[in-house]
Amino acid sequence: MAEPLVLGIETSCDETGVALVRGNELLVDAVASSMEEHARYGGIIPEVASRAHLEAMIPTIQKALGDADVDLSEIDAVAVTAGPGLVGPLTIGASAAKALSIGLNKPLYGVNHVIGHACVDQLVDGPLPERAMALVVSGGHSSLLMVDDIATDVTELGSTLDDAAGEAFDKVGRLLGLPYPGGPHVDRLAREGDPTAIRFPRGLTAAKDQAKHAYDFSFSGLKTAVARWVEARTDAGQAIPVHDVAASFAEAVADVLTAKTIAACHKHGVDTLVIGGGFSANSQLREMAAKRCAEAGIDLRIPPIRYCTDNGAMIAALGSAVVRAGVAPSSLDIPVDSSMPLTTITV
Amino acid sequence: MAVLALDTSAAVAVSLVDEDGARLASRTSDERRRHAESLAPLIEEVLAEAGVEPSGLTAVVAGTGPAPFTGLRVGLVTARTLALTIGVPVLGVPSLDALAVQAVSDLGLRSGAEILATSDARRKEVYWARYRVISHEGPHGVPVVERLAGPDVDRAGFVAQAQLAAPDTEDGQLPVVVGEGAMLYPEFLPVADDAPLVPDATVLARLALVRREADEEQPAEPLYLRRPDVHEPGRVPTGATTGSGATTGAAGGVA
Ligand SMILES: Nc1ncnc2c1ncn2[C@@H]1O[C@H](COP(=O)(O)OP(=O)(O)O)[C@@H](O)[C@H]1O
Ligand SMILES: [Mg+2]
């Protein structure tokens, strides 16, 4: 028997994503983004995003179906991001998914966005091994997850206590006068700078942090250190070596992320690491993760970037995994949860 | 064959009517902040109670507000998606129209009488629109009203001044005030005894049927009447976001 065909809907932030997945095969991934509207304001405006989701929802569903040449009646299950994310945007996707579930008389699965970022790798690299580590890094999240079963058993080893990695890059980007979102621009500058030029702090790496925060991250102190450094230079009337600042900052972020992740792999006897989320595009992180994983004998899996930014594919992939695992469907009265715990895979 | 109507402009109201507008089943929920949780189960309940399959619907009707944004969108995206799923049109009816029409029947208003329909816009304001009764009874038993002003959003005191200062209607009376928006500001907007307070989804469905027969356009577009709160980077937001959860700071994107 063919594996079930799952339609996934993602609306946790500014992207309206709709995708179709059968088993671990991605049939189509349609996405509409309101990013250009937000760029004017230097950040995501929830109400602007919500209005855009309402307008984009039907066209995006139709585009996905049309491109895959699939009829709605062929769909076996509907998966949707139930959290974490912005309440207004999440509400649009959840409501649409419930309407599909009623109209098609097919089960609904409310799933976790962050776990979706890890699960999407299965569409690219095949099933995850019995135990894998997942580092999910984006504009909103920096979390280290131990995945024993992507559909039923995920443990949160650590998360950022303040800024997410992408958020820290965006803030440093603003500090250096770069356009929003600053992350990719800082990355570009960093490639031409000296990562050892300035020794910026590595958050939560002191011996005293090992007991409680061995796998947690903190990037706000780093961002402040960069701000102070730039300010001191400016006050002294000196030019800012932006390439070196960017490179040294990026080095600090990549160092902490990879060091803690690899330590967790050793501690838990894990030999497969998945990196997901939009920040996995970052070249400094990619480079350092590749090098350190090779040294540690860890199989590193980073899906191509289009799978890493927010999209429907990750939600359809997780939906597909939970359907195959026989997880019970969600009821029609499920709420959205802006701060859904990372151990909650389905609601 | 049946028509499903839903309104999320105030609380949640769902109704299923036949092609003549007779009610088959209806449900309401008084949830003001959990529209997304309440609506879908109520839709399932009315379909089940009437024994109607989704494929038995010929249209899905949604109240288009004006209303607080997040709740309003729940109704619209649900109606649009359900209509897409079963391949039927989605029809939009302004929620205040349904309130005005219902006021005519509930209060026995005669032609020439006027109605000030209101709903809660939060932030110390009301959504409002002013109507004149054309006929007590029209097709499908639905009273006929004509919109004279609005919909708009203003402070209650301002609405009272502009709309209730003098008896300037055809029948020499003040407009009859209805709707729960006015209930919040009795000092400015005295609500008539027995006035309807929230839109009734059955009335919404009947209005859509009448307008469909008259070949009127019925866009299922939200009547927001307000722009989103936006602020320049680094500046404090100008106000709380209505019904849409928290406004994040300038760089506060959440994945
Ligand atoms: N090459 C890069 N280097 C650094 N940061 C990046 C890079 N590409 C994207 N980012 C950052 O990643 C975040 C976007 O990731 P995404 O998963 O789309 O985030 P969100 O959590 O905002 O949905 C932004 O903060 C962006 O600046
Ligand atoms: Mg994300």
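Here a student and a tutor talk through a predicted model, asking what lies behind the words used for it.

Student: Let's start with A:Ser280. Where does that residue sit, and why is it called buried?

Tutor: A:Ser280 is in the loop that runs between strand 9 and helix 11 of chain A. A residue is buried if 20 or more other C-beta atoms lie within 10 Å of its own. A:Ser280 has 25 C-beta neighbours inside 10 Å, so it counts as buried.

Student: What does A:Ser280 touch, leaving aside its neighbours within four places in sequence?

Tutor: With those left out, its contacts are A:Val137, A:Ile275, A:Leu285, A:Ile302 and A:Cys308. Contact here takes C-beta atoms within 7 Å of each other. There's also A:Ser138, which is 142 residues away along the chain, yet the two C-alpha atoms are separated by 7.3 Å.

Student: On to helix 11 of chain A. How do you know that its length agrees with its number of residues?

Tutor: Helix 11 covers residues 283-296 of chain A, which is 14 residues. The expected span is 1.5 Å times one less than the number of residues. That gives 20 Å, and the end C-alpha atoms are 20 Å apart, so the two agree.

Student: Which residues of helix 11 of chain A are buried, and what makes you say they share a side?

Tutor: The buried ones are A:Gln284, A:Leu285, A:Met288, A:Ala289 and A:Cys293. Around the axis they cover an arc of only 140°, so they are on the same side of helix 11 of chain A.

Student: What is on the other side of helix 11 of chain A?

Tutor: There you'll find A:Lys291, A:Ala294 and A:Glu295, which are exposed. For that label, a residue needs 12 or fewer other C-beta atoms within 10 Å.

Student: And what do the buried residues of helix 11 of chain A pack against?

Tutor: Four elements of chain A: helix 7 (183-190), helix 10 (242-268), strand 9 (272-276) and strand 10 (299-301). After helix 11 of chain A comes A:Gly297, with a positive phi near 70°.

Student: Now the strands. What makes strand 2 and strand 3 of chain A a pair?

Tutor: Pairing takes at least two bridges. Strand 2 (residues 15-22) and strand 3 (residues 25-33) of chain A have eight bridges between them, and they run antiparallel. As an example, A:Ala19 is opposite A:Asp29 of strand 3. The two strands make a hairpin with two residues in between, and A:Gly23 in the turn has a positive phi of about 60°.

Student: How many bridges join strand 6 to strand 7 of chain A, and how many join strand 7 to strand 8?

Tutor: Strand 6 (residues 132-137) and strand 7 (residues 142-149) of chain A run antiparallel with six bridges, and one of the pairings is A:Ala132 with A:Val147. Their hairpin goes through four residues. Strand 7 also pairs with strand 8 (residues 153-159) of chain A, antiparallel over six bridges. Here A:Asp149 has A:Asp153 as its bridge partner, and the hairpin goes through three residues. At least two bridges are needed, and each of these pairs has six.

Student: How is chain A split into domains, and how do you know that they touch?

Tutor: The domain assignment gives domain 1 (5-120 + 311-324) and domain 2 (130-303). Their C-alpha centres lie 28 Å apart. Even so-called separate domains can touch, and here 11 residues of domain 1 of chain A are in contact with 15 residues of domain 2 of chain A. On the domain 1 side, helix 4 (113-119) and helix 13 (312-324) of chain A each supply at least two residues. Helix 4 has the largest share, five residues. By class, that side has nine nonpolar, two polar and no charged residues.

Student: What about the domains of chain B?

Tutor: Chain B has domain 1 (2-94 + 200-213) and domain 2 (95-183) by the domain assignment, with 23 Å between their C-alpha centres. The contact involves 21 residues of domain 1 and 17 residues of domain 2 of chain B.

Student: And how many residues does each chain bring to the contact between chain A and chain B?

Tutor: Chain A brings 48 residues and chain B brings 38 residues. Helix 3 of chain A gives the most to the chain A side, with 13 residues.

Methods. Residues numbered from 1 in each chain as written. Chains lettered and ligands numbered in written order. Predicted model: local features only at pLDDT ≥ 70, side-chain atom pairs only at ≥ 80, totals over all residues. Domains from an automatic or database assignment. Contact = placed C-beta atoms within 7 Å. Arc of directions from axis to C-beta. Nonpolar A, V, L, I, M, F, W, Y, C, P; charged D, E, K, R; others polar.
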